[in-house]
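User: I would like to work through the charged side-chain pairs of a protein, step by step. Could you show me the sequence and the structure before we begin?

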Amino acid sequence: MVYKTMNLFQRIYHFYADGFRGMTVGRTLWIVIIIKLVVMFAVIRLFFMPDILGGYDNDTERAEAVREHLSQINNRINIKIKTI
């Protein structure tokens, strides 16, 4: 294949495509890595990132809930700073 006539993106694509095509063990390792990442992010999202704002009907209600929550946090921080 003549790489001089291709633009930069085509040369980069063919470089990686030829590299992955020639892999044997590396391809299996990449598949294992991708599966682990997908499972890990799915579990983290499922258990540690609950949909807190899902109970609101529209964006205005969500924004008001976030604003209220942030102002409560700000008030707690200010109270702690004043007592120190």
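User: In this predicted model, is Asp59 buried or exposed?

Analyst: The model is a predicted one, and the answer rests on the relative accessibility computed for the residue. For Asp59 this value is 60%, and a residue counts as exposed when the value is over 50%. Asp59 is therefore exposed.

User: Which residue forms a salt bridge with Asp59?

Analyst: A salt bridge needs a side-chain nitrogen of Lys or Arg within 4 Å of a carboxyl oxygen of Asp or Glu. The closest N and O atoms of Asp59 and its partner are 2.9 Å apart, and both residues lie in helix 3 (residues 59-83), 3 residues apart, which is about one turn of the helix. The partner, partly exposed with a relative accessible area of 26%, is Arg62.

User: Where do Glu64 and Arg67 lie?

Analyst: The side chains of Glu64 and Arg67 meet in a salt bridge, at 2.7 Å from N to O, and Glu64 is partly exposed, with a relative accessible area of 41%. The two residues are 3 residues apart, about one turn of the helix, and both of them lie in helix 3.

User: How many residues apart are Arg21 and Asp18 in helix 1?

Analyst: Arg21 forms a salt bridge with Asp18, and their closest N and O atoms are 2.7 Å apart. Arg21 counts as exposed at 57% relative accessibility, whereas Asp18, at 34%, counts as partly exposed. Within helix 1 (residues 8-21) about one helical turn separates Arg21 and Asp18, because their spacing is 3 residues.

Key
Residues numbered from 1 in each chain as written. Predicted model: local features only at pLDDT ≥ 70, side-chain atom pairs only at ≥ 80, totals over all residues. Heavy atoms only, no water. Helix = DSSP H or I, 4+ residues; strand = E, 2+ residues; numbered from the N terminus. Buried < 20%, exposed > 50% of the residue type's maximum accessible area, 1.4 Å probe, protein only.
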